[in-house]
Amino acid sequence: MNDKGKRVLSGMRTTGRLHLGHYHGVLVNWLRFQEEYDCFFFAADWHALTSEYQNPEIIRDSTRDILLDWLGAGIDPERATLFIQSHVMEHAELHLLLSMITPLSWLLRNPTYKDSQTEAAGDTLATYGFLGYPVLQAADIIIYRAHLVPIGHDQLPHVELTREIARRFNHLYGDVFPVPDPILTEVPKLSGLDGRKMSKSYDNAIYLSDDEAAVTAKVSSMVTDIRRARRTDPGDPEQCNLFPLHRLYSPAGEVERIRAECPQAAIGCVECKRLLTKNLLIGMGPLRERRRRYEEHPGLVDEILAAGTDHARRVARETMTRVRDAMKLSR
Ligand code: TRP
Ligand code: SF4
C-alpha cells in the first residue's frame, strides 16, 4: 500500500472556536497529512455532548465555527473528507455493538474518566455517555478502518483503548479492523496572553477568527518578562510570552534583533509588541481572508459538508455490513 492508501482519521470536539494553539498544535499537522494520506477529519459533536449536554447551542455554533476555522486554515475539501460525527449515524450503531464487548474495567481505569470523577466536578460527568467516551471514539476510528490517528498526548489512552477494542473484536468475530496507530503530534509551547497555557477556559487565547483590531489589542495586553517592569530593565526573551510567537511569525532578522537587544534593554516591550502585531497580522491574514470567503458563502460550506458526509457514510456503511456479518446480525 502506498502512503496515499493509508487512511488518517482525526476529530475535534466542538466546544469552541479554534485558537493559535490549535493551529500550531493540530492543524499544521493535518495540513501536512492531507498531502500524504487519505484523510478523514470530523467535528465530534456527540463527544462534545458528553460534557456540554446542558448547552447544546454551544455545540451547534462551535460545529460551524470549527469547520470555518479548518477551511480558513487551508484544510482542503478536495483532498480530505470533512464531516460532522452526528451526520453519520453508523458511528452510533458501532458504538453500541462495541459497548457489548468492552469490559467495564477498561473504562473505569481510563485516566480521563478517573480524573473527572472528583468531588469538585460534581455529577455532571458521572454519566453513562461520558464513561463510554472512549468506546465512541473507538467506533469513530475503526468504522473508517483507519491506520493512523493523529492526536495530542492527552488522547493517547483513548487510542490505546481503541487498539484493545479492535483486537478484541477481531479475536471474537474475525479480522475486520486494522489496529490503528496513534501519531503523537508535537505541541509547541504556546502560552496565552497571561502566560498560562493558551486555552478557551482561561480566556487568554488569540483566535483564528479574531479580526485585526482584536489581535492588536490582545498582543498589546500580553504579559512580557516580568523583570522588565521599567523600560530600562533588561529582559530575557526565553522567559517572555511573546517570544514563541516571534519565532513562529517574525522574520529571522527581527527574531535575532530581539534576542540581542532585549537582554540589553535596547528594545522596549512596546516596540517588540508592535513588531509581533505586524507579523502576526501578516501571517494570519491569509487564514482570515479564506475564512471570511467561506463565511460569506454558507452554501459552499453546506456543499462541502454534504459531499464529505456522503463519502464518509459510504465507507461507514460498508464497514457496518462486514461488522453485522461478523456478529451474525445480518439478515
Ligand atoms: N476525543 C478527541 C479530543 O477530545 C476528539 C475525538 C473524538 C477524536 N473522536 C476521535 C480524535 C477520533 C481522534 C480520533 O480531542
Ligand atoms: Fe518580551 Fe520583547 Fe519585552 Fe523582551 S522586549 S521582554 S522579548 S516583549
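**Exercise 1. Locate ligand 2 and describe its surroundings.**

Solution.
Step 1. Start with the space: ligand 2 takes up the largest cavity. The model is a predicted one.
Step 2. List the neighbours. Around ligand 2 lie Thr-224, Asp-225, Arg-228, Pro-237, Cys-240, Leu-242, Ile-258, Cys-262, Cys-269 and Cys-272.
Step 3. Sort them by class. The shell of ligand 2 holds seven nonpolar residues, two charged ones and one polar one. Cysteine counts as nonpolar here.

**Exercise 2. Find the polar contacts that Tyr-133, Gln-137 and Gln-155 make with ligand 1.**

Solution.
Step 1. Set the shell. Ligand 1 is surrounded by 13 residues, and the closest are Arg-13, Tyr-133, Gln-137, Asp-140 and Gln-155.
Step 2. Fix the cut-off: a polar contact needs two N or O atoms within 3.5 Å.
Step 3. Test each side chain. For Tyr-133, a polar side-chain atom is 2.6 Å from a nitrogen atom of ligand 1. For Gln-155, an N or O atom of the side chain lies 2.8 Å from a nitrogen atom of the ligand. For Gln-137, the corresponding distance to a nitrogen atom of ligand 1 is 3.0 Å.
Step 4. Check the cover. On its own, ligand 1 has 360 Å² of accessible area, and the protein covers 89% of that.
Step 5. Name the elements. β1 (7–13), β2 (38–44) and α8 (133–142) each give two or more residues to the shell around ligand 1.
Step 6. Sort by class. This shell has six nonpolar, five polar and two charged residues.

**Exercise 3. Decide how compact the chain is.**

Solution.
Step 1. Count the elements: the chain has 14 helices and five strands.
Step 2. Compare radii. The chain has a radius of gyration of 22 Å, close to the 20 Å from the globule rule for 331 residues, so the chain is as compact as a globular protein of that length.
Step 3. Add the extents. The C-alpha trace spans about 80 × 45 × 40 Å along its principal axes.

Methods. Residues numbered from 1 in each chain as written. Chains lettered and ligands numbered in written order. Predicted model: local features only at pLDDT ≥ 70, side-chain atom pairs only at ≥ 80, totals over all residues. Heavy atoms only, no water. Near = heavy atom within 4 Å. 1 Å grid on protein atoms, 1.4 Å probe; cavity = no way out; pocket = protein on both sides within 12 Å on 5 of 7 lines; lining within 4 Å. Sits in = over half its atoms within 2 Å of the grid points. Polar contact = N/O pair within 3.5 Å; in protein donor to acceptor, adjacent residues only side chain to side chain. Areas by Shrake-Rupley, 256 points an atom, 1.4 Å probe, with all protein chains shown as cover. Helix = DSSP H or I, 4+ residues; strand = E, 2+ residues; numbered from the N terminus. Rg over C-alpha atoms; globule rule 2.2 N^0.38 Å.
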